[in-house]
Amino acid sequence: MASRKEGTGSTATSSSSTAGAAGKGKGKGGSGDSAVKQVQIDGLVVLKIIKHYQEEGQGTEVVQGVLLGLVVEDRLEITNCFPFPQHTEDDADFDEVQYQMEMMRSLRHVNIDHLHVGWYQSTYYGSFVTRALLDSQFSYQHAIEESVVLIYDPIKTAQGSLSLKAYRLTPKLMEVCKEKDFSPEALKKANITFEYMFEEVPIVIKNSHLINVLMWELEKKSAVADKHELLSLASSNHLGKNLQLLMDRVDEMSQDIVKYNTYMRNTSKQQQQKHQYQQRRQQENMQRQSRGEPPLPEEDLSKLFKPPQPPARMDSLLIAGQINTYCQNIKEFTAQNLGKLFMAQALQEYNN
Amino acid sequence: MATPAVPVSAPPATPTPVPAAAPASVPAPTPAPAAAPVPAAAPASSSDPAAAAAATAAPGQTPASAQAPAQTPAPALPGPALPGPFPGGRVVRLHPVILASIVDSYERRNEGAARVIGTLLGTVDKHSVEVTNCFSVPHNESEDEVAVDMEFAKNMYELHKKVSPNELILGWYATGHDITEHSVLIHEYYSREAPNPIHLTVDTSLQNGRMSIKAYVSTLMGVPGRTMGVMFTPLTVKYAYYDTERIGVDLIMKTCFSPNRVIGLSSDLQQVGGASARIQDALSTVLQYAEDVLVSADNTVGRFLMSLVNQVPKIVPDDFETMLNSNINDLLMVTYLANLTQSQIALNEKLVNL
């Protein structure tokens, strides 16, 4: 009964029972409506995520971890988290699941919420819309309806303000992923655009009273001045990097578009050929009839003209989503910089 | 190319009233074929929350042998000979995440437990000891005995080591404002794990209206040749922050000012506004000071003020105008480009779906 199933195909049957149980009657969010309207994070979780990245994730590697907490009405409360080891050795596959189970068991003993509610990942300049993330989030959301993925951007945080976002897959995308059918027709039917792939859930940070006391204590003890990184004007490096990533993605996108166009052209050519063949057949048959000979047998058209393979549209959706994220990041960044420039101008005017 | 992650679901059909363990989906991007069927119903041990008996911690593990000497009744204990001088000088550097963790585990303590204890992890270097991580350890404490689940501690340490292999056991922490006799015992347990363990106390009972945070290391005292006692000597505690941690702490600190202790994350221009407001405050403080102290002032402060005022570079106005305009043009161009790209992909979407 408490057996664990593996394999991608069998998720459908097990998911319904787990999703029902995971919902626990706490309002499963209705059909098509999102189950989670707000994410409430403890200060502790934020600090832990920051620390994890700082210590283990230098460079372009992503660090990941698991979020623990509970669901209260339409809020998702995240009260603790633990990090996941990196995939460095080959035997890490087996360790992962066991690590997780052990961790959760141990945490249960010290009364920490041991309910899985999501996972977190760090990102490099905002490039997190990948197939891997989609799949992971899908499997999470499938099993636990209210789960979110927290994306932590360390580089943006180092520039002055915490960058933490919570994402979920939209219900429409969940449907499509369930079917595992990523052909153009299916996507068109589901009417998904890249903007409706992920939905962002607003985050609030909440602390208990005792933690507030701790914060006051820290403030008194450590009179370290703020480094006003946020107001620094020398940030062209960051912008350059962002633009470069954007360009790469746009290149990929154009390649994808070319592929799709060729496919469309091939399909239409094939249609024409089929049509012509049919017509010729009919003519021949008519001629034969007029001559009194038996008509030629109907041949299976589909065997003669094998339809070309439709390209998977999921990748292009992902690329479009990624481009969108980059553009939004860039716009945010330029808005901030414009503000800073105008401030510098005001200072300079006053000087003169 | 990345095949979808295998969802591993454990349907919570367990009979225990414990809130069922949510299915442990593997968040890894690489496929993880979970072959081992873990008995998810095993940890039914939570019926006894204060169970220091580690036997039920994990099925098939031997009970902690370290609990055995828990029956020592006598208060004055002869301390074991602790090896060597304190490594790394006399300074302990703490990260704020530790303190937040400790407070959180204190809030979640079992019924009837007066304090919580746990292990401190971190690194040692020549000048100081840096504590970067911690986890709480279940323990049982009563008038005349104390039992610590050392097996659990060892397990957790192994798990933590998988993530950060550089962290060592540095010592232990306890909430509460005093050092009791049981602390000595627990300290002895820990001295088996680490060469010269640190003991950290966080006063969550808020005596004197403050949450005092102190660190100690134990030294021998007494008359040589006779029974030796153990004394806890205090150490200096400093707080270390990574840059990003500093920013995180600043943000979290804002909840102190909100009525229901909740804050949201601010958007781009709001952040710039906030930062400039902070600088304004700082400047007004400095101005106030300068006006108050007109005649006799500190020379060093005066020099700092001079350098501050000279920070604003003196540039010929025309040059500055050109610089400013070119920068603004760059930014506007980039914004335009971003908007253009977004409209392009939207168009593409529409065309494809025709």
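Modeller: Let's start with a definition: two strands pair if DSSP finds at least two bridges between them. Helices (H or I, at least four residues) and strands (E, at least two) are themselves DSSP runs, numbered from the N terminus. This is a predicted model, so local features need pLDDT of at least 70 and side-chain atom pairs count only at pLDDT 80 or more, while totals for chains, interfaces and linings use all residues. Residues are numbered from 1 along each chain as its sequence is written, chains are lettered from A and ligands numbered from 1 in the order in which they are written, and side-chain values use heavy atoms, with hydrogens and water left out.

Biologist: Okay, how do I read strand pairing, and how many bridges join S2(B) to S6(B)?

Modeller: The general idea is that strands of a sheet pair through backbone hydrogen bonds, either parallel or antiparallel. Here, S2(B) and S6(B) run antiparallel and are joined by six bridges. One position to click on is Gly122(B), which stands opposite Leu168(B) in S6(B). On to the next pair: S6(B) and S7(B) run parallel, with five bridges, and there Gly171(B) has Ile198(B) as its bridge partner in S7(B).

Biologist: Which strands make up the closed barrel in chain B?

Modeller: Follow the order S1-S3-S2-S6-S7-S8-S9 in chain B: those seven strands form a closed barrel with mixed pairing. On average, neighbouring strands of this sheet are turned by 40° against each other, direction ignored. For these angles, axes are lines fitted to C-alpha atoms, for helices over the stretch in contact, and angles run from 0 to 180 degrees between N-to-C directions.

Biologist: And how do S1(B) and S9(B) pair, parallel or antiparallel?

Modeller: Parallel, over four bridges. Look for Leu94(B), which stands opposite Tyr239(B) in S9(B). S9(B) (residues 229-239) also runs antiparallel to S8(B) (residues 213-221), and seven bridges join them. Along that seam Tyr216(B) stands opposite Pro234(B), and Leu220(B) has Val230(B) as its bridge partner.

Biologist: Which helices pack on those strands?

Modeller: A contact means heavy atoms within 4.5 Å. H1(B) packs on the sheet, touching S1, S2, S3, S6, S7, S8 and S9 of chain B, and its direction makes about 20° with that of S3(B). Then there is H3(B), residues 181-191, which lies across S2, S3, S6, S7, S8 and S9 of chain B and runs at about 165° to S6(B).

Biologist: How do I tell what is buried?

Modeller: Buried means under 20% relative accessible area, exposed over 50%, and partly exposed in between (1.4 Å probe, protein chains only). Take S6(B): seven of its eight residues are buried. H4(B), residues 243-253, is mostly covered too, with nine of its 11 residues buried, including Glu245(B), Arg246(B) and Met253(B).

Biologist: What about single residues: is Ser218(B) buried or exposed?

Modeller: Ser218(B) counts as buried because its relative accessibility is 4%. You'll find Ser218(B) in strand S8 of chain B; its C-alpha atom is 8.9 Å from that of Val184(B), 34 residues apart along the chain. Now try Glu175(A), in helix H6 (residues 171-179) of chain A. Glu175(A) has a relative accessible area of 48%, so it is partly exposed.

Biologist: How do I read two helices that meet across the chains?

Modeller: Two packed helices are described by the angle between their axes and the distance between the axes. In this model, H2(A) (residues 43-56) and H1(B) (residues 96-107) have axes that come within 9 Å and cross at roughly 145°. By class, their contact has five nonpolar, one polar and three charged residues. Those classes work like this: Ala, Val, Leu, Ile, Met, Phe, Trp, Tyr, Cys and Pro count as nonpolar, Asp, Glu, Lys and Arg as charged, and the others, Gly among them, as polar. Among the residues that meet are Leu44(A) and Lys48(A) from H2(A), and Val97(B) and Asp104(B) from H1(B).

Biologist: Zooming out, how many helices and strands does each chain have?

Modeller: Chain A has 11 helices and eight strands, and chain B has seven helices and 10 strands. In chain A, 51% of the 352 residues count as buried; for chain B, buried residues make up 45% of 354.
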